[in-house]
Structure formats: structure tokens, C-alpha cells
Amino acid sequence: MVDTSLELFGCGHRACGGCGPALAARLILKGAGENSIVAASTGCMEVFSTPYPETAWQVPWIHSLFENASAVASGIEASLKRQGRSEHVLCICGDGATFDIGMLCISGAFERGHDITYICYDNEAYMNTGVQRSGATPYDASTTTSPAGKESFGNKRPKKDMPQILVAHGAPYVATASVAYPNDLMQKVERAVNTPGPCYLQIHAPCSTGWGFEGGKTMEIGKLAIQTGLWVNFEMVDGEIAKAKKVVRKPVDEYLMAQKRFRHLFKPARNEEEIAKIQAIADANAAKYGIDIKPKE
Amino acid sequence: MMEIMEGSHAVAEAVKRCRPEVVSAYPITPQTHIVERLAEFVADGEMESDYLTVDSEFSALSACVGASAAGSRVYSSTSSQGLILMAEVCFNASGMRLPIVMSIANRALGAPLSIWNDQQDSIALRDSGWFQLYAEDVQELVDYHFLSFRVAEDHNILLPAFVCFDGFILSHTYEPVDIPDQEEVDAYLPPFNPYQKLDATDPISMGMYATPDYYMEFRYELDRAMERASRAIKDAGQAFGEQFGRSYGSLVEEYRMDDADTALVALGSICGTVKDAVDEMRDAGRKVGLLKLRSFRPFPKEEVAKALDGVSQVAVLEKNISPGSAMKGAVGLEVKDALWKTGIDVYSYVIGLGGRDVRKKDIAAVVDLAERGRGDMFYGLREELI
Amino acid sequence: MALNVGCAARPGRARDNKTGSWRVFRPVLDAEKCKKCGLCLLICPEGCISEDDEYPRVDYEYCKGCGLCAEECPAEAIEMEQEEK
């Protein structure tokens with residue numbers, strides 16, 4: 001059982017007000033518990049939580065580089081095993097560190113089968129360096145390196161399907177969660193750290209600064225992503241879909257209109273063609289994970 | 001007990017006796033025989049270690065960072081491209097003050113691709129904050145592993161270490177070597193006692209970021225640790241001599257330097273050839289000697305200045321190239337600095353890159369060049385190709 | 001004050017950084033409306049809301065005034081009020 005009163009991520013960190021990743025950090029540690037060691041990647045969370053000597057982490061925490069947290073965690077796990085120690089080993093890394101620059105190390109760590117839980121806090125771009133696109137950036141999102149313009153609707157590629165890549169590695173537990181559903185998130189962390197072998201959890205962590213919305217709306221945006229089918233909260237156990245959060249889906253417009261990064265799709269008029277493509281992504285997600293609740297007759 | 005053994009296998013025997021809890025390495029020529037032998041030891045239960053078969057050198061050293069931070073003695077080995085791929089982690093490990101020991105089978109860097117020996121790889125990482133020892137023969141190579149773990153883990157030092165040795169020339173050569181017994185090694189190298197570690201019962205944050213208010217002081221502390229390492233290596237080398245009869249109480253070794261007029265300076269296995277060449281030149285009445293550097297980082301400036309006091313010229317044999325540098329070689333600059341204002345001429349000779357053989361007559365030719373005031377050049381180029 | 005070896009530190013010092021100074025709007029609780037459900041304690045990204053006699057209490061030394069608690073409160077018991085500076 002998750003002890004929600006456990007506070008292992010302290011006040012005084014330098015995240016923006018309403019920060020999705022900061023909330024994720026708190027919830028992750030509630031789920032993982034104090035018998036945990038965290039390996040972090042370079043990124044927003046690392047920077048806002050650990051300017052020397054002011055660490056916000058009350059569990060053992062290590063940051064080495066941007067792209068190697070999973071390899072560092074491999075070494076920690078191997079060391080603990082030799083020492084007969086029992087701490088849970090977690091990686092907590094951003095989407096750039098996970099989807100892009102850290103792929104090699106992640107693939108190696110999962111293939112070797114280390115008993116680690118890799119958690120990606122996914123805010124869908126390189127936020128620490130000023131909102132550049134990553135492999136996790138959704139289709140048509142405007143970022144500083146995929147700006148919308150006269151001949152661009154923003155990011156040209158759909159989000160990489162990272163969970164499926166880890167499923168293909170044979171990970172026993174792969175799940176997605178959202179800061180908008182804190183109890184679900186904490187329970188998934190608890191399940192992951194207690195599942196032997198390499199587990200992967202990808203957490204939707206809205207970024208008010210990077211996505212363009214008010215910090216108080218972080219959970220509302222997270223809920224809209226789920227309600228529109230653009231984010232699906234699911235669990236895959238031994239490669240099979242075990243659970244997915246069902247919704248009565250809303251049109252994607254509600255999610256898109258609430259964020260500056262998609263505002264170009266509504267100016268000067270609603271971009272029918274592009275929004276239809278995004279709706280198709282949501283429809284495909286819904287079909288794949290079976291999330292649609294049919295309205296009652 | 002003396003045995004005839006391949007250099008790589010001798011390294012593996014030495015590493016086994018250092019009892020690392022975690023070994024993390026990626027195969028690369030000419031380092032492979034070391035890691036293959038270690039994997040066999042683990043497979044046969046002769047070594048109580050976790051051997052991580054990682055996806056790359058980058059992950060190899062990253063896993064060492066994690067294991068060291070978690071409180072284990074760790075070991076890795078690499079070469080050439082592998083070391084350069086690790087470069088980012090090398091700087092990180094020293095900044096975090098993790099006492100990792102890594103054997104470097106020195107090999108050229110591409111392009112063009114070359115599997116053969118020179119020292120461009122480790123010399124390129126001279127500023128990465130690892131102390132670097134260079135072995136002349138397999139015996140030194142074995143002994144430097146015990147010494148390096150002892151120095152690296154000293155709480156007054158806490159620096160990672162490269163044990164450098166020339167690829168193929170030492171790694172694949174059979175030489176008579178004394179591998180000390182486990183009990184003797186245990187008496188010299190105590191169990192790992194981490195200065196600090198990741199531990200849920202006593203949490204710390206490691207590898208935080210430093211604002212401009214702090215960063216410089218961390219770099220200053222790293223440099224100070226490297227300065228202290230000079231003394232620590234000598235002390236550990238002295239203690240080694242007292243226990244094993246082979247003393248490494250100095251960061252340099254002088255060979256027939258008495259009354260020498262021309263001194264050669266070199267690192268690694270080439271010193272064997274140089275000693276033979278010096279003997280021949282001495283027999284011919286020429287006043288030539290060798291100053292062998294055991295350590296490039298920390299650079300033994302005082303020992304170099306003292307040993308070279310009184311010579312007329314110095315010829316530095318460089319198995320590295322710093323393109324665009326006036327001296328061409330990285331070691332010569334440091335020797336020149338050690339001899340600043342003495343009036344002694346110091347010349348660099350880029351020699352033996354990419355496995356080009358260096359013979360006694362080449363050493364004699366370099367001495368001729370130095371005595372004629374010619375240097376800071378490549379030696380032994382094939383004129384027909386350029 | 002000597003540096004810690006390897007840029008390491010023990011927990012606790014983040015609290016030196018009083019992020020409450022960032023705040024423009026402050027959350028104010030209406031105790032009569034509050035259902036003591038505890039959601040605001042759970043979702044505060046600062047972790048600066050605690051329980052006091054079962055009611056939520058905001059630590060204004062750290063509250064950045066993001067308004068997430070007010071947005072999400074199911075009883076609409078939290079109002080954001082402009083800070084007077």
C-alpha cells in the first residue's frame with residue numbers, strides 16, 4: 001500500500017509554479033517509498049531540484065550525465081546485489097534523455113535484465129534548454145526547433161512509441177500514467193518497483209511554460225489529454241495489455257485549444273486538415289487500447 | 001612465483017586479486033583478452049564479481065560510476081575509440097571523485113582506422129582528471145593495478161586511474177612475470193572503504209550541479225587532489241617495494257643518466273627499446289641516457305627538472321600528436337615547462353604512430369637530430385608518400 | 001565552509017530557498033467549504049500543504065501561488081487572492 005503521507009521530495013526546489021514534473025517527483029517517491037535509490041538524467045528536474053548544496057531529494061540520488069542514467073542504475077543494481085542490499089533502483093529522466101539521447105543505455109540495461117524501474121517524466125520536449133522538440137513531442141506541436149510558420153504546422157513527426165520499444169525488450173511491466181491521476185500514478189510506481197526485472201513507466205507531466213498554459217491548469221491539461229485519447233493510461237504485463245483507462249472521448253480540439261503550442265492550428269481559422277490528422281492519432285490510440293466507453297443508448 | 005604469461009592475462013590475474021565487486025567492460029581490440037579472461041574467472045567462480053556485458057564503452061564506464069557510487073570497488077578496461085567514446089563519463093567520474101581503475105590498452109585513433117599502438121587515446125584525455133600511469137613491461141603493468149587501486153581509493157585522493165600499456169606490444173606479448181599471491185595483495189590493498197555512498201539508510205545526493213558560486217572551487221579541489229596524488233603514488237610505490245621487492249618510489253626512472261649530455265624522455269614500452277639503444281650508444285662513447293616517465297598525470301615536474309639538470313638537450317619521444325601545436329607532441333610541452341629558463345633545449349619527435357615500428361637505430365637517429373638542434377617534428381615518415 | 005567531496009550533499013538544504021517570495025496570488029482556504037479530502041496535500045507540486053487539525057494548512061514560506069490546489073479542489077474551498085506587497 002502506498003503511504004501518501006510520505007514526503008521524500010522537499011520544499012524549496014526551483015521548478016516553475018504548477019510544474020508537472022515536480023508533482024511527478026513527489027508522487028513517484030510516495031509510490032516507491034524510502035527504500036529507494038534514484039539515478040537521474042540531466043534535465044529540468046535535475047536542475048530545479050539539486051543546485052549544490054540545496055538538494056530537494058530525501059532518498060539517495062545520483063546524477064551523472066544526460067544520457068546514461070539507465071547504465072548508472074545498472075551499476076548501482078549490480079553493486080547492491082554484491083553487497084546483499086535491497087533498495088529499489090529507479091531512473092527518473094525526462095523525455096529527451098529517454099526517447100533520444102539515452103536510447104542506447106536504456107536498451108542495454110533492459111536487455112541485460114537489471115532489476116530497475118525506469119521512469120520517464122514526459123513533458124514532450126527539451127524544456128530545460130528552452131522547449132526544443134524531442135522524439136516525444138506530439139505531431140504539430142510548435143517548439144523552438146519545430147516552430148509553426150508559413151510553411152510549417154509545427155513538429156512534423158508523431159510521438160515515438162517508447163513503451164512498445166521496451167515491451168519488445170521483454171520488460172515484464174510497462175505502463176503509462178499521468179500526474180492528473182495521482183493515485184493511479186503512485187500505484188503503478190509501487191507495482192513497478194516491486195516487479196522483478198526492468199520495468200518502464202512513462203508519466204505524462206504537463207509543462208505550463210513549454211506548452212503555454214497557466215500553472216494552475218496542469219492537472220486539467222493532463223485530464224484533457226486522456227479524455228481526448230491523445231494520451232492513454234495503460235498497463236502492459238509480460239507484453240500484453242492488462243488495463244487501459246476508459247473514457248467517453250472528447251474531440252481533440254479541447255486539448256489543443258488549451259495550449260499555446262497548438263494555437264497555430266486555430267489561426268486564422270481552424271485547420272481542418274491538420275486537426276483531422278491529430279484526431280486520427282487519438283482514434284488510433286483508442287482502437288489500439290480499447291479505451292472508448294460507448295455512450296448509453 | 002615467476003610465470004611466462006601473456007600481458008593481457010597477467011592483467012586479468014592482477015585484477016582478480018584486486019577483488020573488484022563489479023566489472024563492466026565492452027570488447028575492443030587489443031583489450032579483449034583481458035575481459036575474456038575476467039569473464040572466464042567469473043564463470044568459473046574464481047572471482048566473486050558481477051561482470052556486466054554492456055552495450056558500449058559509454059555504458060561500461062557509466063555502470064562503473066553507478067557501482068562505485070553505490071559502494072563497490074569497480075574495474076573496467078578499454079582502448080582507443082572506446083576510451084574516446086567514454087570521454088564524457090571520464091570527466092564526470094573524476095568530478096564525482098569516484099576511484100575507478102581502468103586499464104587502457106593504448107591504441108591509435110581513427111580516422112584512418114588503426115588497431116595498432118600509439119598513445120593518442122590516453123594522452124587525449126590528459127585533462128579528464130584521471131591519474132595516468134604508463135607501464136614499460138608486463139611486470140610494471142601488473143604491479144600498477146595494485147598500486148592504482150590503493151592510491152585511487154585513498155580518502156585523501158579519491159581520483160580514478162588509467163593504467164596505460166601499449167596495445168599488442170604488451171597486451172599480446174608473453175613475458176616472465178611475478179603474479180603475487182592473493183594474501184600478499186590483500187595485505188597491500190585493503191577492502192574498499194567508500195568515502196561516501198548511495199545508501200537508503202543515510203541518503204545523500206551525488207553529482208549535483210554547481211552554480212558559478214561553487215564550480216571553480218570544485219575544479220580547484222580536483223587539481224589539488226591530483227597534486228596530492230604525486231606524493232601518494234610515490235608512497236604507495238615505496239610501500240609496494242618494501243612488500244614485494246619492486247619499488248616504484250618515484251614517478252620517473254632514470255636510466256644511465258649520469259653525466260648524460262643528451263636525454264631521451266619516453267612513456268611506456270618504447271622505454272625497453274630505448275634502453276637497448278642507450279646501451280649501444282654508451283658503448284660507442286656517446287653520453288646518452290633515458291628518463292622514463294611512469295606518470296603523465298600528475299606530471300612529475302620536479303622529478304623531471306631534477307633528473308634532466310645538467311643535460312644539453314632533451315629528445316622527447318611522442319606516441320601522440322597534437323595537430324597545430326608548435327611542438328607537435330603533448331609530452332614535450334610539459335618537459336619544456338619543467339626546464340623553463342634552464343637553457344636546456346627540448347625537442348619533440350612524433351614517432352611510432354599507428355603501430356609504426358620503432359627500432360634502436362631510430363632512437364640513435366633521434367639523438368643525432370637533437371644534437372644537431374633539429375626537432376619538433378615527425379620522425380620516420382615514408383618520404384615517398386608525402 | 002568546506003566543499004563536500006564530489007559535489008554531494010545531504011538532504012535538507014533545499015529548504016533554505018524560500019520560494020514563497022515568488023508568489024503573486026495566495027491560496028486561501030474556506031474551512032466551512034473544505035471537505036478534508038486531502039487532494040490538495042497530494043497534488044501540490046511543492047509539497048507545502050500539510051494537515052493541521054485535519055484541515056489543510058499552506059506553508060506560505062514555500063507556496064509559489066500556482067493555483068493548482070484551487071483549480072482542483074472538488075469543494076471549491078480554495079480562493080486565490082492577490083498578494084499585497
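**Exercise 1. Is A:Cys11 buried or exposed, and how far is its sulfur from the closest cysteine sulfur?**

Start with accessibility: A:Cys11 has 5% relative accessibility, so it counts as buried (under 20% relative accessible area, with exposed over 50%, partly exposed in between, 1.4 Å probe, protein chains only). Next, look for a partner: the closest cysteine sulfur sits in C:Cys48, 5.4 Å away, which is too far for a bond. The cut-off for a disulfide is a pair of cysteine sulfur atoms within 2.5 Å.

A word on the ground rules: this is a predicted model, where local features need pLDDT of at least 70 and side-chain atom pairs count only at pLDDT 80 or more, while totals for chains, interfaces and linings use all residues. Residues are numbered from 1 along each chain as its sequence is written, chains are lettered from A and ligands numbered from 1 in the order in which they are written, and side-chain values use heavy atoms, with hydrogens and water left out.

**Exercise 2. Work out how many disulfides the whole structure has, and check C:Cys69.**

Take C:Cys69 to begin with: it is buried, at a relative accessible area of 11%. Its sulfur lies 6.2 Å from the closest cysteine sulfur, that of C:Cys66, so no bond there: too far. Now go over all chains: the search comes up with zero disulfides.

**Exercise 3. Place C:Glu72 and list its contacts.**

Find C:Glu72 in helix 2 (residues 68-72) of chain C; helices here are DSSP runs (H or I, at least four residues), strands likewise (E, at least two), numbered from the N terminus. With 11% relative accessibility, C:Glu72 counts as buried. Skip neighbours within four places in sequence, and C:Glu72 is in contact (heavy atoms within 4.5 Å) with A:Met219, A:Glu220 and A:Lys223, plus C:Leu39 and C:Ile43. Finally, C:Cys40 is 32 residues from C:Glu72 in sequence, yet their C-alpha atoms are 7.5 Å apart.

**Exercise 4. Do the same for A:Glu87: where is it, and what does it touch?**

A:Glu87 belongs to the loop between helix 3 (69-83) and strand 3 (88-94) of chain A. Its relative accessibility is 10%, so A:Glu87 counts as buried. Leave out residues up to four places away in sequence, and A:Glu87 touches A:Asn35, A:Ile37 and A:Leu80, along with B:Leu198, B:Asp199 and B:Ala200. For a distance check, take A:Ile275: it is 188 residues from A:Glu87 along the chain, with 46 Å between the C-alpha atoms.
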